[in-house]
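Colleague: Could you take me through this model step by step? I should like to understand how each conclusion is reached.

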Amino acid sequence: MALYLSILSVFSALAATGDSLSCQTCISASKTPCQGKSLLCPSDSACAATYTLTTANGRTISEMYTLSCAPLRQCDKPASMSIPNGKIKRGISCCFEDNCTPPTPTLPPDNSRLNGQICRTCTSADSTWCYTDDTMRCTGEENMCLLQTTVISGPVSSQVALRGCATKSMCDLGSNSVSYPGFSMDLHFFCTSGSLGIHQGYFMSMLVSIALTTILCRSF
């Protein structure tokens, strides 16, 4: 379980190009703010700080803090996703001047109130597909059912799939493939509200904590 969550703990990637704001880009394998190089961002972007917390059975598995460019539509929209006994929370805050420092991101609050949604749940550590009859009852704002697939190439290579509950803000993040010194990742996130219609979202460029931690350790 902890390995699945470490692999699936993802957050905003640092690479961006464009001719709008200039923003600092850095990543820290903790909740401590970092400093880094300045990059030009695409248009309609802000300078963003993202904090991601991954827990399993109530214990912290990983913490990640990044500074990066981010689409304006993602600013100040906390998100979360859950599988049985595990959760990933993500907070993002923005500022709107060259190389500014965003406020400290706020994570979504805990909410154990059942919301009536029931989702299939499963995990696979060696493929991009899983499907079982097992279900979980969703809580709080996590009223979407997800299938997330991740393919990682690098020092830690892996294919991972999971099903569980997620907030709509998590589904709406948007994504694509990302390459970073030492590894690359392709992640897809498919959501449904429980009806026949499928809402497909792709996370924005994101990094995997377990791979990143390995790379950071090897860089020192």
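**Burial, disulfides, strands and cores**

Colleague: Is Cys145 buried or exposed, and what is its relative accessible area?

Modeller: A residue is called buried under 20% relative accessible area, exposed over 50% and partly exposed in between, with a 1.4 Å probe and protein chains only. Cys145 falls in the buried class, and its relative accessible area is 11%.

Colleague: On what basis are such values obtained?

Modeller: This is a predicted model, in which local features need pLDDT of at least 70 and side-chain atom pairs count only at pLDDT 80 or more, while totals for chains, interfaces and linings use all residues. Residues are numbered from 1 along each chain as its sequence is written, and side-chain values use heavy atoms, leaving out hydrogens and water.

Colleague: Which residue forms a disulfide with Cys145?

Modeller: A disulfide is a pair of cysteine sulfur atoms within 2.5 Å. Here the S to S distance is 2.0 Å, and the link is left-handed, with -85° about the S-S bond. The partner lies in strand β8 (residues 114-120) and Cys145 in strand β11, so the pair ties together parts that are 26 residues apart in sequence. This partner is buried, with a relative accessible area of 1%, and its name is Cys119.

Colleague: Is the disulfide of Cys122 and Cys130 right-handed or left-handed?

Modeller: The sulfur atoms of Cys122 and Cys130 are 2.2 Å apart. Cys122 is buried at 10% relative accessible area, and Cys130 is buried at 8%. Because the torsion about the S-S bond is about 80°, the disulfide is right-handed.

Colleague: How many disulfides are counted in total?

Modeller: Another of them joins Cys26 to Cys34, with S to S 2.1 Å, and both of these residues are buried. By the sulfur distance rule, the count of disulfides comes to 9.

Colleague: How many residues of strand β4 are buried?

Modeller: Strands (E, at least two residues) and helices (H or I, at least four) are DSSP runs, numbered from the N terminus. Strand β4 covers residues 45-56 and is largely enclosed by the rest of the structure, because its buried residues number 11 of the 12.

Colleague: Which strand pairs with β4 over 12 bridges?

Modeller: Two strands pair if DSSP finds at least two bridges between them. Strand β7 (residues 86-95) runs antiparallel to β4 and is joined to β4 by 10 bridges, with Ser93 as the bridge partner of Ala49. The antiparallel pairing over 12 bridges involves residues 59-71, which form strand β5.

Colleague: Which residue in β5 is the bridge partner of Tyr51?

Modeller: The hairpin of β4 and β5 has 2 residues between the strands, and Asn57 takes a positive phi near 55° there. Across this pairing, the bridge partner of Tyr51 is Tyr65.

Colleague: Which element gives the most residues to the largest nonpolar core?

Modeller: A nonpolar core is a set of buried Ala, Val, Leu, Ile, Met, Phe, Trp, Tyr and Cys residues joined through side-chain atoms within 4.5 Å. The largest one has 13 residues, including Met81, Leu146 and Ala166. Among the elements that give two or more residues are β11 (144-153), β12 (158-166) and β14 (183-192). With 3 residues, the greatest contribution to this core comes from β6.

Colleague: Where does this core lie with respect to the domains, and why?

Modeller: Domain bounds come from an automatic or database domain assignment. Both domain 1 (22-109) and domain 2 (111-195) give residues to this core, so its position is between them.
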